[in-house]
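Subject: Structure handover and notes

Dear colleague,

I am passing on the structure we spoke about, together with some notes on it. Please keep it open beside this message while you read.

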Amino acid sequence: MTGILDSFGRSINYLRVSVTDRCNLRCLYCMPPEGVPQMPHSEILSYEEVQTVVRAATELGINRIRLTGGEPLVRAELPKLIKMLSQIEGIQELSLTTNGTFLQKYALELKQAGLSRVNVSLDTFKADKFQYITRLGKLKDVLEGIAAANEAGFHPVKINTVVMRGINDDEILDFARMTYEEGCHVRFIELMPFKGVAEFVSSAELRQHISLLGKLEPCASITGNGPAIYYRLSGAKGTIGFISPLSELSFCSRCNRMRLTPDGKLRPCLLGEDEIDVKTPLRNNASTEELKRLILKAVSSKPEHHHLEGGNVRLVKRKMSQIGG
Ligand code: SAM
Ligand code: SF4
């Protein structure tokens, strides 16, 4: 088995690396309209520093890396980082989560640099609603970005959709239908309370609604690959995943991940406040063995579960864009 065992017997094999806190959009559940105070460039890990941490993590058994942000494609020369990481032995999957607005420009370059997969965040198919949710974005850019990613060979592109009651819950079936028509994979994410924008819709309610289209069959083959649970509508090529941090108590027991923030903090749990600084040791020439000790310390301090369930909702201090959602 790959991965690093944590204190609760979970195997941690997945590191989400946030390469920037900056973003060209201001999604209402993620950032205030004016944005958030930006970290100084000097505080953000260089590509060489990211590569050093990732290499140490892979030596310990981490084999899946996802780049995120902020919007990772606003960071200059992201394909250069992809190339640097794709050369590290032991990485089985190197993927990217993006809002898709710059994919048309970069998809081919990212593919050539060694990126394995792309997830695009998209919450609506309606242009005016897209602008309302993202405040600054144009739906057309994302749709063209998804098409460019498919053309570049990232097939199938995965779509991540945050469901907000009264805002986009009327489009659930349109998203679910994409798994028939284009064989694409869709994942519905429960809205987390980083900012009180709307009520979340539970995955159980979504499944019930989607079953209007047909029977949802559990997909055992991909379950076990992290906290999402996957289903397939009979006859559909693509899958429908549900990410249910709020409504499913077993969510955390399937957690296989850790996060590295843009300013070099290892974050054992997205919804916890604990962080372990790797930037200071890195900049003081820490050895690979020292970095590995810090990574092991972060894994062993992963909590058993977060505290958002059961109505115990509180706001997390860092914004999603500053952690790397
Ligand atoms: N900018 C990129 C994007 O939007 O895909 C990557 C960073 S974004 C923080 C990563 C993911 O977090 C996106 O899929 C986004 O929808 C999700 N996200 C942000 N805020 C959220 C919230 N409050 N609840 C649930 N998901 C959220
Ligand atoms: Fe930017 Fe992604 Fe946050 Fe939207 S969800 S504001 S695209 S970082």
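The notes below take the strands, then two residues, and then the ligands.

Please bear in mind throughout that this is a predicted model.

Strands and crossovers

I begin with strand β5, which covers residues 93–98 and runs parallel to strand β6, residues 117–121, with 4 bridges joining the two. Within this pairing, Thr 98 stands opposite Val 120 of β6. Helix α3, residues 103–113, forms a β-α-β unit together with β5 and β6, and that unit is right-handed. On going further, β6 is joined by 3 bridges to strand β7, residues 158–163, again in a parallel arrangement, and here Asn 119 has Lys 158 in β7 as its bridge partner.

The pairing of β7 with β8 is likewise parallel and extends over 6 bridges, with Ile 159 having Val 186 in β8 as its bridge partner. Between these two strands the chain passes through helix α6, residues 172–181, in a β-α-β crossover that is right-handed. Strand β8 also pairs in the parallel sense with strand β11, residues 240–243, over 4 bridges, and in that pairing the bridge partner of Ile 189 is Ile 243 in β11.

How much of β8 is covered? Of the 6 residues in this strand, which spans 185–190, 6 are buried. In a regular strand, side chains alternate between the two faces of the sheet. In β8, His 185, Arg 187 and Ile 189 point one way, whereas Val 186, Phe 188 and Glu 190 point the other way, and all of them are buried.

Two residues in contrast

Ser 95 belongs to strand β5 and counts as buried because its relative accessibility is 1%, where the cut-off for buried is under 20%. Its side chain makes a polar contact of 3.2 Å with the side chain of Arg 66. If residues up to four places away in sequence are not counted, Ser 95 touches Ile 65, Arg 66, Leu 67, Leu 115 and Arg 117.

Lys 215, by contrast, is found in the loop between α7 (203–210) and β9 (216–218), and it counts as exposed because its relative accessibility is 55%, where exposed requires over 50%. Leaving aside neighbours within four places in sequence, Lys 215 is in contact with Arg 232, Leu 233 and Ser 234. The C-alpha atoms of Lys 215 and Thr 288 are 50 Å apart in space, and the two residues are 73 apart in sequence.

Ligands

Which residues are closest to ligand 1? Among the 19 residues that surround this ligand, the closest are Tyr 29, Gly 70, Glu 71, Ser 121 and Met 192. A nitrogen atom of ligand 1 lies 3.2 Å from a polar side-chain atom of Glu 71. An oxygen atom of ligand 1 lies 2.5 Å from an N or O atom in the side chain of Ser 121, and an oxygen atom of the ligand is 3.3 Å from a polar backbone atom of Thr 98, the residue that stands opposite Val 120 in the pairing with β6.

Ligand 2 is surrounded by Cys 23, Leu 25, Cys 27, Cys 30, Gly 70 and Asn 99. Sorted by class, this shell holds 4 nonpolar and 2 polar residues, with no charged residues. Gly 70 is listed around ligand 2 and also among the residues closest to ligand 1.

With best regards

Definitions and conventions: Residues are numbered from 1 along each chain as its sequence is written. Chains are lettered from A and ligands numbered from 1 in the order in which they are written. This is a predicted model: local features need pLDDT of at least 70, side-chain atom pairs count only at pLDDT 80 or more; totals for chains, interfaces and linings use all residues. Side-chain values use heavy atoms; hydrogens and water are left out. Two strands pair if DSSP finds at least two bridges between them. A crossover is right-handed if, with the strands pointing away from the viewer, the path from the first strand over the helix to the second runs clockwise. A residue is near a molecule or strand if one of its heavy atoms lies within 4 Å of it. Ala, Val, Leu, Ile, Met, Phe, Trp, Tyr, Cys and Pro count as nonpolar, Asp, Glu, Lys and Arg as charged, and the others, Gly among them, as polar. Buried means under 20% relative accessible area, exposed over 50%, partly exposed in between (1.4 Å probe, protein chains only). Contact means heavy atoms within 4.5 Å. A polar contact is a pair of N or O atoms within 3.5 Å; within protein, one must be able to donate a hydrogen and the other to accept it, and residues adjacent in sequence count only if both atoms are side-chain atoms.
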